[in-house]
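Hi everyone, thanks for coming. Today I'd like to walk you through one strand and the core around it. Let me put the model on the screen.

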Amino acid sequence: MDKPVSSDIVLIAGNSHPELANLIANRLGVKHGGCSVYHKSNRETMVEIGDSEIQGFFDVPVDNLRASPFLLQYIQESIPDYHNSVIVARNPGSAKKATSYAERLRLGIAVIHGEQREAESDMNDGRYSPPALASRTMEVGVGVPMHPAKEKPPINVVGDVGGRIAIMVDDMIDDVQSYVAAAEVLKERGAYKIYVLATHGLLSSDAPRLIEESPIDEVVVTNTVPHDVQKMQCPKIKTVDISILLAEAIRRIHNKESMSYLFKNVTLED
């Protein structure tokens with residue numbers, strides 16, 4: 001880091017990820033302020049800050065964190081023979097992100113398309129409404145043809161993955177069933193190694209077991225979300241530490257410096 005952070009900064013963090021907060025505080029050389037987050041009996045969220053001398057706040061959100069420089073560097077440094085890789089869009093909607101990775105790494109791209117059932121949570125959020133009725137057949141008399149059932153297009157891969165390393169990229173990975181289904185298709189098409197890279201690794205429910213039993217070789221996520229338990233259940237899950245990225249963001253905001261540096265020069269090393 002070019003300039004030290006002022007000693008009057010206090011890092012305040014909630015209860016969800018104290019390990020990451022401590023890493024950031026240590027990198028900045030600042031103290032970690034006391035903060036307690038809890039729920040009242042009416043489920044109202046309460047926040048209590050123990051340091052009465054705090055005069056102002058600024059926020060560094062991680063919801064839309066661009067950790068792509070770290071994931072790009074992981075590909076270049078940790079995937080053997082990454083030049084023989086192809087970036088894969090798990091569905092047409094993620095083609096833009098896949099193209100961004102492919103262009104920066106100078107790699108080819110492949111897109112998976114066809115009928116691919118999403119997670120159950122996605123099916124219930126309204127994007128597929130109105131739901132299909134059990135029967136829409138009307139008794140209108142003899143000779144009127146019935147409407148044929150809609151045929152589901154098969155899952156297919158546009159692009160050559162045979163004999164290549166397939167790398168799927170995404171912002172978040174939670175329910176992994178669609179990733180496992182995509183990996184099975186990629187394996188059938190001849191991909192000899194399959195990686196999944198995402199910024200946020202929620203990996204809920206039985207995700208560790210599904211990953212371990214799947215053709216996926218590695219799932220690489222950052223430490224924005226704690227997942228130590230999942231890693232103990234599945235050695236295929238790897239973690240990239242991005243505390244240096246968040247610490248540098250705080251330092252630059254405080255010193256009124258350009259934030260674009262974060263996506264050009266910050267690496268996994270100090």
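Let's begin with a pair of residues: Ser85, in strand E5, stands opposite Ile165 in E8. Before I go on, this is a predicted model, where local features need pLDDT of at least 70 and side-chain atom pairs count only at pLDDT 80 or more, while totals for chains, interfaces and linings use all residues. Residues are numbered from 1 along each chain as its sequence is written, and side-chain values use heavy atoms, leaving out hydrogens and water.

Strands here are DSSP runs of at least two residues (E), helices of at least four (H or I), numbered from the N terminus. E5 and E8 run parallel, joined by four bridges; pairing requires that DSSP finds at least two. E5 also pairs with E6 in the parallel sense, again over four bridges, with Gly108 as the partner of Val86.

So how buried is E5? Five of its five residues are buried, so the strand is largely enclosed by the rest of the structure; buried means under 20% relative accessible area, with a 1.4 Å probe and protein chains only. Ser85, Ile87 and Ala89 cover one side, Val86 and Val88 the other.

Val88 takes us to the largest nonpolar core, with 29 residues. By that I mean buried Ala, Val, Leu, Ile, Met, Phe, Trp, Tyr and Cys residues joined through side-chain atoms within 4.5 Å. E5, E6, E8 and H5 are among the elements that each supply at least two residues, and H5 gives the largest share, six.

Terms used
Buried < 20%, exposed > 50% of the residue type's maximum accessible area, 1.4 Å probe, protein only.
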